[in-house]
Amino acid sequence: MEDVLDQQSQPLGQDGESEIVTEDAAFVHGEPPQDANGLPKVDSKVEVLHAKVTKQIIKEGHGPIPSKYSTCFLHYRAWTQSTRHKFEDTWDEQRPLEMILGKEKKEMTGLAIGVSSMKSGERALLHVGWELGYGKEGSFSFPNVPPLADISYEVELIGFDETKEGKARGDMTVEERIGAADRRKMDGNALFKEEKLEEAMQQYEMAIAYMGDDFMFQLFGKYRDMALAVKNPCHLNIAASLIKLKRYEEAIGQCSIVLAEDENNVKALFRRGKARAELGQTDAAREDFLKARKFVPEDKAIARELRLLAEHDKAVYQKQKEIYKGIFGPTPEPKPKRNNWLIVIWHWLLSLFYHVFRRERLKAD
């Protein structure tokens with residue numbers, strides 16, 4: 001259950017394994033979800049999946065599509081078409097939905113039709129008629145959906161387990177859920193080594209989906225340790241992938257999840273520091289690196305990052321010094337005053353006139 005570590009950029013952590021992909025490797029650039037508040041703008045071809053369901057692909061996926069009774073893991077946002085009111089967002093909640101095709105809730109029939117046509121990693125815009133959504137009555141609890149509401153979904157299929165898994169998460173024992181998550185993590189590690197970063201992250205996200213907050217809240221002792229030994233490396237490997245994809249804010253979020261459980265996790269501190277440094281958050285990055293160095297004082301990768309920060313600070317100081325010098329400039333030399341000879345002569349004449357006038361007056365007296 002080792003997580004993948006970067007040879008050049010990551011320190012040796014508690015497990016001692018080194019990561020496969022180096023800093024110089026070619027990056028696969030993923031695209032983050034579009035504007036979370038409004039419907040995404042999509043220009044792709046409209047596919048008619050059902051009389052009441054259409055689909056437009058936002059991002060292509062890979063591999064086969066799920067079969068009936070597959071357990072699918074997906075993120076989605078949902079809006080009512082008439083008012084454009086967003087009533088649900090699993091990305092905000094950081095909780096992927098688990099859906100077994102053919103056993104979905106009635107109000108998700110249209111969503112399930114769309115998902116059944118998607119490949120792993122695919123993101124799409126679905127339009128679903130009210131008949132395959134919340135129906136004539138709508139929903140006045142959570143989520144709040146008015147009657148006869150047509151729905152738009154932005155959906156991403158993270159991945160799916162075929163029917164051979166046999167059970168939904170809720171029907172699995174603790175050992176079965178941890179085992180299923182670990183299999184996904186190992187699949188993710190294999191994809192990471194091949195530099196298929198987007199596909200690797202999907203496997204890690206599916207592994208994490210087996211161990212949601214509700215599940216982790218119930219675990220104590222060795223079972224919680226077993227779960228964290230799978231879950232935390234998944235977050236860390238997602239962070240490593242996101243750093244390579246230059247999605248630094250997201251990487252910081254993944255590391256912070258791990259640090260909430262284990263505040264002294266060296267890999268989480270190192271990767272968060274690296275992401276912060278890339279964003280120019282040098283003080284926060286230095287704080288992470290210095291804390292990590294307390295636990296591995298001889299680590300060369302941490303020393304290198306601290307040296308790079310020091311060099312960066314020195315370069316910034318020199319640049320600011322030059323800027324200030326250019327703004328204010330050197331103190332100007334005092335210029336000699338040039339005499340105005342007309343004024344000098346005028347003053348001399350006035351003085352002469354004063355003395356002549358005074359002398360004549362004294363004579364008169």
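# A walk through the model

Begin by selecting K246, which is partly exposed, with a relative accessible area of 45%. Before you go on, keep in mind that the model on your screen is predicted.

**Around K246**

You will find K246 in the loop that links helix 6 and helix 7. What is the sign of its phi? The phi of K246 is positive, at about 65 degrees, although K246 is not a glycine.

**The whole chain**

Now zoom out and colour the chain by secondary structure. How many helices and strands does the protein chain have? There are 11 helices and 7 strands. Of the 365 residues in the chain, 43% are buried. Next, think about contacts between residues with a separation of 6 or more: in 67% of these, the partners are 24 or more positions apart.

**Helix 6 and helix 7**

Go back to K246 and show the helices on either side of its loop, helix 6 and helix 7. Select residues 221-244 for helix 6 and residues 248-261 for helix 7. Two packed helices are described by the angle between their axes and the distance between the axes. Here the axes come within 8 Å and cross at roughly 160 degrees. Angles over 145 degrees count as roughly antiparallel, and helix 6 and helix 7 are therefore roughly antiparallel to each other. Their crossing is left-handed.

Turn on the side chains to see which residues meet. From helix 6, the residues in contact include R224, L228, K231, H235, L242 and I243. Their partners in helix 7 include Y248, A251, Q254, C255, V258 and E261. As you look along either helix, remember that an α-helix has 3.6 residues a turn, so residues three or four places apart point the same way.

**Helix 7 and helix 8**

Keep helix 7 in view and add helix 8, residues 266-278. The axes of helix 7 and helix 8 come within 9 Å and cross at roughly 155 degrees. That makes this pair roughly antiparallel as well. The crossing of helix 7 and helix 8 is left-handed. Among the residues of helix 7 in this contact are Y248, A251, I252, C255 and L259. Helix 8 brings A268, L269, R272, A275 and E278, among others.

**Helix 8 on its own**

Hide helix 7 and try a small check on helix 8. At 1.5 Å a residue, what span should its 13 residues have? The expected span is 18 Å, and the end C-alpha atoms are 18 Å apart, which agrees.

Is helix 8 largely enclosed, or largely open? Of its 13 residues, 11 are buried, so helix 8 is largely enclosed by the rest of the structure. Select V266, F270, G273 and K274 to see some of these buried residues.

Now look at the two ends of helix 8. At its start, a side-chain oxygen of N265 comes within 3.2 Å of the backbone nitrogen of K267. After helix 8 comes G280, which has a positive phi, near 85 degrees.

**R184 in helix 3**

Move to R184, which belongs to helix 3, residues 174-193. Is R184 buried or exposed? R184 counts as buried, at 11% relative accessibility. Which side chain makes a polar contact with the side chain of R184? The partner is Q203, at 2.7 Å. Setting aside neighbours within four places in sequence, R184 is in contact with F160, D161, Q203, M206, A207 and Y210. Select Y204 too: R184 and Y204 are 20 residues apart in sequence, and their C-alpha atoms are 6.4 Å apart in space.

**The loop between strand 6 and strand 7**

Next, find strand 6 (123-128) and strand 7 (151-161), with P143 in the loop between them. What kind of peptide bond joins F142 and P143? This peptide bond is cis, with omega about -5 degrees.

L148 lies in the loop between strand 6 and strand 7 too. L148 is not a glycine, yet its phi is positive, at about 55 degrees. L148 is partly exposed, with a relative accessible area of 49%.

**Last stop: S70**

Finish at S70, in the loop between strand 2 (53-59) and strand 3 (71-80). S70 is buried, with a relative accessible area of 0%. Show the backbone of S67 as well: its oxygen lies 2.9 Å from a polar atom of the S70 side chain.

Methods: Residues are numbered from 1 along each chain as its sequence is written. This is a predicted model: local features need pLDDT of at least 70, side-chain atom pairs count only at pLDDT 80 or more; totals for chains, interfaces and linings use all residues. Side-chain values use heavy atoms; hydrogens and water are left out. Helices (H or I, at least four residues) and strands (E, at least two) are DSSP runs, numbered from the N terminus. The expected span of a helix is 1.5 Å times one less than its number of residues. Buried means under 20% relative accessible area, exposed over 50%, partly exposed in between (1.4 Å probe, protein chains only). A polar contact is a pair of N or O atoms within 3.5 Å; within protein, one must be able to donate a hydrogen and the other to accept it, and residues adjacent in sequence count only if both atoms are side-chain atoms. Axes are lines fitted to C-alpha atoms, for helices over the stretch in contact, and angles run from 0 to 180 degrees between N-to-C directions. Angles under 35 degrees count as roughly parallel, over 145 as roughly antiparallel, 65 to 115 as roughly perpendicular and the rest as oblique. A crossing is left-handed if the near helix is turned anticlockwise from the far one by less than a right angle, and right-handed if clockwise. Contact means heavy atoms within 4.5 Å.
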